[in-house]
Amino acid sequence: MHSSETKGSIHSDERGKLVFFNDFSMERIKRFYEINPSNTSIIRAWQGHLKETKWFYCSKGAFTLYLIALDTNGQLRPDIKVEHHVLDSSTPTILEVPGGFASGFKSSIEDSKLTVYSDVSVAASIKDDFRFDINEYHADWHKN
């Protein structure tokens with residue numbers, strides 16, 4: 001169990017900028033939502049799923065994102081695996097996070113936007129939801 005990245009590309013000309021992900025299949029996606037934190041001090045942590053897969057894409061600004069492994073009972077296991085990622089709109093990347101992880105993230109630039117795609121319905125996500133206090137794991141939110 002580990003995350004994976006799909007790199008996108010940018011094309012710019014006199015008409016503007018086009019960001020594209022020609023190698024990303026959306027066949028498994030059931031829904032998506034966008035997160036636009038009110039400021040750069042907001043930390044959204046820790047929420048995880050054992051079954052649900054999510055894909056994270058920063059369309060504007062930048063985010064620091066941590067992933068922490070969950071055990072089979074849905075408990076945080078930072079002793080098994082912690083991943084650190086920086087998603088920045090200047091280098092388009094979609095981060096796939098399979099079930100078995102809890103995530104936490106913080107924007108590092110004002111007015112950043114993070115789009116999250118999911119392979120399950122809201123009802124299924126709620127049944128597979130594991131939440132933890134932000135102090136369960138102390139991440140370095142300023143790490144790039």
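Helices (H or I, at least four residues) and strands (E, at least two) are DSSP runs, numbered from the N terminus. The model on display is predicted, so local features need pLDDT of at least 70 and side-chain atom pairs count only at pLDDT 80 or more, while totals for chains, interfaces and linings use all residues. Residues are numbered from 1 along each chain as its sequence is written, and side-chain values use heavy atoms, with hydrogens and water left out.

**Stop 1: the open sheet**

Begin by selecting β8, β7, β10, β5 and β12. These 5 strands form an open sheet in that order, and the pairing is antiparallel. At the edges stand β8 (82–88) and β12 (130–131); each has a single partner strand, so one side of each is left without a neighbour in the sheet. Two strands are said to pair if DSSP finds at least two bridges between them. Strands of a sheet pair through backbone hydrogen bonds, either parallel or antiparallel.

Next, display β7 (residues 62–69) against β10, where 7 bridges join the two in the antiparallel sense. L65 has F105 of β10 as its bridge partner.

**Stop 2: strand β11 and its neighbours**

Move to β11 (residues 113–118). Of its 6 residues, 5 are buried, so the strand is largely enclosed by the rest of the structure. Here buried means under 20% relative accessible area, exposed over 50%, and partly exposed in between (1.4 Å probe, protein chains only).

Add β4 (residues 31–35), which runs antiparallel to β11 and is joined to it by 5 bridges. Then add β6 (residues 54–60), also antiparallel to β11, with 6 bridges. Centre the view on V116 in β11: Y33 stands opposite V116, and F56 stands opposite V116 as well.

**Stop 3: D119 and E52**

Select D119, in the loop between β11 and α1 (122–127). D119 is buried, with a relative accessible area of 15%. A polar atom of the D119 side chain lies 3.0 Å from the backbone nitrogen of T53. Not counting residues up to four places away in sequence, D119 touches R28, I29, K30, E52, T53 and W55, where contact means heavy atoms within 4.5 Å.

From that list, select E52, in the loop between β5 and β6. E52 counts as buried at 3% relative accessibility. Which side chains make polar contacts with the side chain of E52? One contact, of 3.2 Å, joins E52 to H49; another, of 2.4 Å, joins E52 to S118. A polar contact is a pair of N or O atoms within 3.5 Å; within protein, one must be able to donate a hydrogen and the other to accept it, and residues adjacent in sequence count only if both atoms are side-chain atoms. With residues up to four places away in sequence left out, the residues that E52 touches include R31, V97, P98, G99, V120, S125 and D128.

**Stop 4: the cavity**

Rolling a probe the size of a water molecule over the atoms shows where empty space is left. On a 1 Å grid over the protein atoms alone, a cavity is a set of points where a 1.4 Å probe fits but cannot get out, and a pocket is an open set with protein on both sides within 12 Å along at least five of seven lines; lining residues have an atom within 4 Å of a point. Grid points are joined across faces, edges and corners, and a volume is the space filled by probe spheres set on the points.

The structure holds 1 cavity of 30 Å³ or more. The largest cavity has about 80 Å³ of space. Select its lining: Q47, G48, H49, E52, K54, F56, V97, P98, F101 and S103. β5, β6 and β10 each give two or more residues to this lining, and β5 gives the most, with 3 residues.

**Stop 5: the largest pocket**

About 280 Å³ of space lies in the largest pocket. It is lined by 15 residues, of which R44, Q47, K54, F105 and R131 are the closest to its centre. At least two lining residues come from each of β4, β5 (43–49), β6, β10 (101–107) and α1, and β5 gives the most, with 4 residues.

**Stop 6: two backbone details**

Most residues other than glycine have a negative phi, and most peptide bonds are trans. Select A45 and W46: the peptide bond from A45 to W46 is cis, with omega near 0 degrees, and W46 is in strand β5. Finish at D111, in the loop between β10 and β11. D111 is not a glycine, yet has a positive phi of about 60 degrees; D111 is partly exposed, with a relative accessible area of 36%.
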